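Let's take a walk through a protein model together. Keep the picture open beside the text, and look up each part as we come to it.

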Amino acid sequence: MSESLGTYAYFLGCITPNRYPGIEAATKKVFKEFGIETKEMVGASCCPAPGVFGSFDLHTWLPVAARNLAIAEEMELEIYVTCNGCYGSLQEADHLLKEHPKVKERVNKVLAKFGREYKGTTKVNHSIVILHDVIGLDRLKEKIKKPLDDVNVAVHYGCHFLKPSEVRGHGSSETPYILEDLIRVTGAKDVDYKDKLMCCGAGGGNRTADTLQSLEWTRQKLVNAIMAGCDCMVHPCAFCHLQLDRGQAEMNKAFGTNFNFPILFATQFIGLAMGMSQEELGLDIQTTTMPEKLLK
Amino acid sequence: MIKTWELEPNFKYEIMKEPGGEHLTSCFQCSTCTLGCPLTEIVPGYNPRKIIQMSLLGMRKEVLSNPDLWVCLICQTCTARCPQDVRIADLLGAIRRIAEREEEAGKLKIDSVRPRFDKAFMHQLEKYGRLYDFGLAKEYYTGREGSFFKGMMAMSKDYKAFGMRLFKKGKMGPKALFPEKVKDRGVMKKIFEQMGAGKK
């Protein structure tokens, strides 16, 4: 065990515990290797979902998000998330409340009814930003036991990780670099493919409400990655994981295709390179199967 | 042909009052949003620029009943690229909110099932604080198909094979049938009531 790099509150969200517990397991295990401690946020609710909820009823969305932030503030910890949706919601709510004192006052009036207060002392981090900035590429490199040298990776960012760029603060949303850096550390190659920054197709409730449109979107994304010669897709979002992984079974049913393109969450990919087994990372219980190349 | 006497020029101010719609009048119709939109390849004719221009002109009825309002995935490519900071993804959200209120008031009929899904999702949060898959599916399918029985038939058609596979892999036990509740979930109800969004 290396030196301690601090303690964070883990905001689980909905998709991770409900559908892909492997993402939680992988993230916690990888972080533990680097001395980052995780505390659970007791009583945390849904983030709430930015598309389904936020674009629908912003007035109710904000206090729910503020309550989640207040829980982390009471723990006196910074938050990390494993889903772009949670990242989007919590960070945007945090940004809104910090920018507009009047809105903050109104939200705090609601929170006061059950004895909570939003102060603005916490920060919302994405798990891959912690990997990149807090742990750092040098420390990561030391722990890579099984370099994934001949693996070609398609990077998928998801929308809410990058946009709106002035809130996110990861530079321009057209030229992201964080995931690429993490991929290169493992020895794998990040491959450019057509429409790399395209959405996974699940956003805004479309996955359920307009299934064929959303699946066609995912199909194009995967075909572009496969055509570029990629072996797998790595992404930082639990909701994209649901659409890209589970969506392949749905596509095979709807379009009669035969997709089995491996989808990995960023920490699952790094976990593999650090020598963890696919059972430890929960990769054996998802729809797509991992190729020998990744497991060796 | 547009008949000017049928337009509602105050529509733009109605949108600008909604959170997210504030920058509507900054649009100078450059069409960057539409040219960069990945959805235009999948839904032919999808054109956010046109929705904005129609809103500015005051074509209230045409905008609110436009089915294209409900296909946006909020990927925010348009928002990121807009030279005038119109924040198109948020703006469409603002228009959707107005359309939704119109439907609740019985003045408009929305064909898309998306508002139904959104509402069902919010009810789960109100009740349990977190997403409860079965509750969401039950409410959404019942609403979509018109009756509980028809809804359950449609749901089993969509998810039976998947559910069995999950069960066999040990991913879903009997526990998954019951909601996982947030510890002090009474507060969720309070928030919803405070903001006037409680289940009617």
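Before we start, one bit of vocabulary: a residue counts as buried under 20% relative accessible area, as exposed over 50%, and as partly exposed in between. Also keep in mind that what you're looking at is a predicted model.

Let's begin with a sheet in chain A. Four strands make it up, lined up in the order E2-E1-E3-E4, and the sheet is open, with parallel pairing. Who ends up at the edges? Strand E2 (37-40) and strand E4 (124-126) of chain A do, and each has a single partner strand, so one side of each has no neighbour in the sheet. The strands aren't lined up perfectly, either: neighbours in this sheet are turned by 40 degrees against each other on average, ignoring direction. For a close-up, find strand E3 (residues 78-81) of chain A, which runs parallel to E4(A) and is joined to it by 3 bridges. There you can spot Tyr80(A) standing opposite Asn125(A) in E4(A).

Next, the cysteines. A disulfide is a covalent bond between the sulfur atoms of two cysteines. How many disulfides are there over all chains? The count comes to 0. Take Cys46(A): its nearest cysteine sulfur belongs to Cys14(A) and is 3.6 Å away, and Cys46(A) is in no disulfide. The cut-off for a disulfide is a pair of sulfur atoms within 2.5 Å. Cys83(A) isn't in a disulfide either, with the sulfur of Cys237(A) being the nearest one at 4.1 Å. Both of the cysteines we started from are tucked away: Cys46(A) counts as buried at 2% relative accessibility, and Cys83(A) is buried at 7%.

Now for the salt bridges, of which there are 28 over all chains. One of them pairs Glu180(A) with Lys196(A), at 2.6 Å from N to O. Glu180(A) sits in helix H9 (residues 178-185) of chain A, while Lys196(A) is in the loop between strand E6 (189-191) and helix H10 (206-209), so this pair ties together parts that are 16 residues apart in sequence. Are these two buried or exposed? Glu180(A) is buried, with a relative accessible area of 5%, and Lys196(A) counts as buried too, at 13%.

Helix H9 has another pair to show you. Arg184(A) forms a salt bridge with Asp181(A), and their closest N and O atoms are 3.6 Å apart. These two are 3 residues apart in helix H9 of chain A, so about one helical turn separates them. Here our vocabulary comes in handy: Arg184(A), with a relative accessible area of 48%, is partly exposed, whereas Asp181(A), at 19%, is buried.

Finally, look at where the two chains meet. On the chain B side 54 residues are in contact with 59 residues of chain A. Together the chains bury about 5000 Å², and 61% of that is on carbon and sulfur atoms. Between them you'll also find 3 salt bridges, including one where the side chains of Arg87(B) and Glu166(A) meet at 2.9 Å, N to O. Arg87(B) also has a salt bridge with Asp85(B), at 3.9 Å. Of those two, Asp85(B) is partly exposed at 36%, and Arg87(B) is buried at 16%. Through shared partners, salt bridges join Glu166(A), Asp85(B), Arg87(B) and Asp90(B) into one network.

Notes. Residues numbered from 1 in each chain as written. Chains lettered and ligands numbered in written order. Predicted model: local features only at pLDDT ≥ 70, side-chain atom pairs only at ≥ 80, totals over all residues. Heavy atoms only, no water. Pairing = 2+ DSSP bridges. Axes fitted to C-alpha atoms, helices over the stretch in contact; angles between N-to-C directions. Buried < 20%, exposed > 50% of the residue type's maximum accessible area, 1.4 Å probe, protein only. Contact = heavy atoms within 4.5 Å. Buried area = accessible area lost by both parts, 1.4 Å probe. Salt bridge = Lys/Arg side-chain N within 4 Å of Asp/Glu carboxyl O.
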